[in-house]
Amino acid sequence: MIKNEKKKSTGSSTREKMLARKKKLEEKGSGNGLIFPKEGTLRMRIKSPGDDQELGMEVVQFYIPGVGGVISPATFDEPCPFMEKYEELKQSKDEDDKELAKRLIPRRRYVIGGIIYKDDKGNGVDYDGQNRGVLIAGAVYQDIIDLYLDEDEAGDMTDPVTGYDIKITRSGSGKFDTTYSVRQCKPSKLDKKYRSELDLEKIVRDQIKPYDELEEELNKFLNESPDDEEDDAPKKKKKSSSNDKDNKTKKKKKYHSDI
């Protein structure tokens, strides 16, 4: 007679497996997206983008309700429907247009890159040790610059041997009650397996959507469809021919002076 016996567990529980899967799906969903410091403390090791390169990259961002921050191609002086609409509204004599332009004002943000830790104690790296970009405000970047330039006590945090981690602490979550602080950690060696080169430009470019997709988001923001524009509004072809796409690629504008 064969007795029914419970099989002994030989591996992780269902709950542990589901938690592991959840984490993988979250990481997959976020892809190589930029990390924005949430309330609490984010610990990271900033890495240099290359010799004689600034540690951070200035980016142009538009904030769209319901969508969030959108990195603009204007970051690289490339055509952007949001920037084009903003400049059009800003130059308009219509007061409604000017009010709408205020909702579309581009903002300067900065992206730094490096290794992110799982907690503020530095107990293990996150994202499998891959380089990630962190989106920060100008005030945070200024604090990082001050640390870098302080050769007496802090200095170059990017050196893999003599450098150090930093902690970015965010307090508050509202528009007017959010503050940030940046602190240096003790100098430490960065594990050799995490010393891969940082391609900061690629990290930023990977976040920029194609012109057509940005145009669709702009139209949603304006509460108008591509085929339902006012007669006196500038018309844009929604389905571009190959020649039109070539012209868009060749088109260059300088946007930074307007921000």
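**Figure 1. Salt bridges across the predicted model.** The count of salt bridges comes to nine. This is a predicted model, so every value in these legends is computed rather than taken from an experiment. Side chains of opposite charge can pair when their charged atoms come close. The next three views visit some of these pairs, one at a time.

**Figure 2. Close-up of Arg 45 and Asp 165.** Here Arg 45 makes a salt bridge with Asp 165, and their closest N and O atoms are 3.2 Å apart. The pair ties together distant parts of the chain, with the two positions 120 residues apart in numbering. Arg 45 belongs to strand 1 (residues 40-46), while Asp 165 belongs to strand 6 (residues 164-171). Is this pair buried or exposed? Arg 45 is buried because its relative accessibility is 0%, and Asp 165 is also buried because its value is 3%; the cut-off for buried is under 20%.

**Figure 3. Close-up of Lys 102 and Glu 99 in helix 3.** Now have a look at a pair within a single helix: Lys 102 and Glu 99 both sit in helix 3 (residues 95-103). They are three residues apart, which is about one turn of the helix. Their salt bridge has its closest N and O atoms 3.2 Å apart. Lys 102 counts as exposed because its relative accessible area is 56%, and the cut-off for exposed is over 50%. Glu 99, at 44%, is therefore partly exposed.

**Figure 4. Close-up of Lys 202 and Asp 206, with a note on a network.** Lys 202 forms a salt bridge with Asp 206, and the closest N and O atoms lie 2.9 Å apart. Both partners are partly exposed: Lys 202 has a relative accessibility of 46%, and Asp 206 has a relative accessible area of 42%. Elsewhere, salt bridges with shared partners join Arg 43, Arg 45 and Asp 165 into one network, so keep the pair of Figure 2 in mind when you look for Arg 43.

**Figure 5. Close-up of arginines over aromatic rings.** Which ring does the charged end of Arg 43 sit over? The ring is that of Tyr 117, and the charged end of Arg 43 is 5.7 Å from its centre. A second view shows Arg 205 over the face of Phe 76, at 3.8 Å from the ring centre.

**Figure 6. Aromatic pairs.** To round off the set, this view turns to rings that pair with other rings. How many aromatic pairs are there? The count comes to two.

How values were computed. Residues numbered from 1 in each chain as written. Predicted model: local features only at pLDDT ≥ 70, side-chain atom pairs only at ≥ 80, totals over all residues. Heavy atoms only, no water. Phe/Tyr/Trp six-rings, centres within 6.5 Å; stacked < 30°, edge-to-face > 60°. Lys NZ or Arg CZ within 6 Å of the ring centre and 35° of its normal. Salt bridge = Lys/Arg side-chain N within 4 Å of Asp/Glu carboxyl O. Helix = DSSP H or I, 4+ residues; strand = E, 2+ residues; numbered from the N terminus. Buried < 20%, exposed > 50% of the residue type's maximum accessible area, 1.4 Å probe, protein only.
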